[in-house]
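Please open your viewer and get ready to follow along. We will go from stop to stop, with something to select at each one.

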Amino acid sequence: MLKNNIKISVIIPTFNRQKFILRAIESVKNQSYMINEIIVIDNNSTDDTIIKIKKKYADVIILTEKKSGVSFARNHGILKAKN
């Protein structure tokens, strides 16, 4: 069981997932534990993924990188996470 003083960061790698990204973020926000930070690592999407996030979730951190793959994106997010 997590104690109340534990802070949680969630990292979501994405590439051209405008149809699914908002649902993914909403799922994270609806978890039973408070999430302190959501970081989306975008692999240089060419659709409206980033626009949709910015429009609905101003509190989500968005980092864009060249298309390097999901593992690289996840590791990049871990390095940038505060928690």
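The tour starts with the strands, then visits two loops, and ends at a pair of charged side chains. Keep in mind that this is a predicted model.

**Stop 1: strand β2**

Select residues 37-42, which make up β2. How many of its residues are buried? The count is 6 of 6, so β2 is mostly covered, with buried meaning under 20% relative accessible area. Now colour the two faces separately. One side carries Glu-37, Ile-39 and Ile-41, and the other carries Ile-38, Val-40 and Asp-42; residues on both sides are buried.

**Stop 2: from β1 to β2**

Next, add residues 9-14, the strand β1. β1 and β2 run parallel and are joined by 6 bridges. For one partner pair, pick Pro-13 and look across to Ile-41 in β2. Then trace the backbone between the two strands: the chain leaves β1, passes through α1 and arrives at β2, in a β-α-β crossover that is right-handed.

**Stop 3: from β2 to β3**

Bring in residues 61-64, which form β3. Here 4 bridges join β2 to β3, and these strands run parallel. Select Val-40, and you will find Ile-62 of β3 opposite. Follow the chain once more, this time from β2 through α2 to β3; this β-α-β crossover is right-handed.

**Stop 4: two asparagines in loops**

Which backbone angle should you check at Asn-16? Look at phi: Asn-16 is not a glycine, yet its phi is positive, at about 50 degrees. This residue lies in the loop between β1 and α1. With a relative accessibility of 25%, Asn-16 counts as partly exposed.

Now jump to Asn-44, in the loop between β2 and α2. Asn-44 has a positive phi too, of about 65 degrees, although it is not a glycine. Its relative accessibility is 45%, so Asn-44 counts as partly exposed.

**Stop 5: the salt bridge**

For the last stop, show the side chains of Lys-29 and Asp-59, which form a salt bridge. The structure holds 1 salt bridge. Put a distance label on the closest N and O atoms, and it should read 2.7 Å. Side chains of opposite charge can pair when their charged atoms come close.

Where does each partner sit? Lys-29 belongs to helix α1 (residues 21-29), while Asp-59 is in the loop between α2 (49-56) and β3. The two are 30 residues apart, so the pair links distant parts of the chain. Lys-29 counts as partly exposed, at 33% relative accessibility.

Methods
Residues are numbered from 1 along each chain as its sequence is written. This is a predicted model: local features need pLDDT of at least 70, side-chain atom pairs count only at pLDDT 80 or more; totals for chains, interfaces and linings use all residues. Side-chain values use heavy atoms; hydrogens and water are left out. A salt bridge is a side-chain nitrogen of Lys or Arg within 4 Å of a carboxyl oxygen of Asp or Glu. Buried means under 20% relative accessible area, exposed over 50%, partly exposed in between (1.4 Å probe, protein chains only). Two strands pair if DSSP finds at least two bridges between them. A crossover is right-handed if, with the strands pointing away from the viewer, the path from the first strand over the helix to the second runs clockwise.
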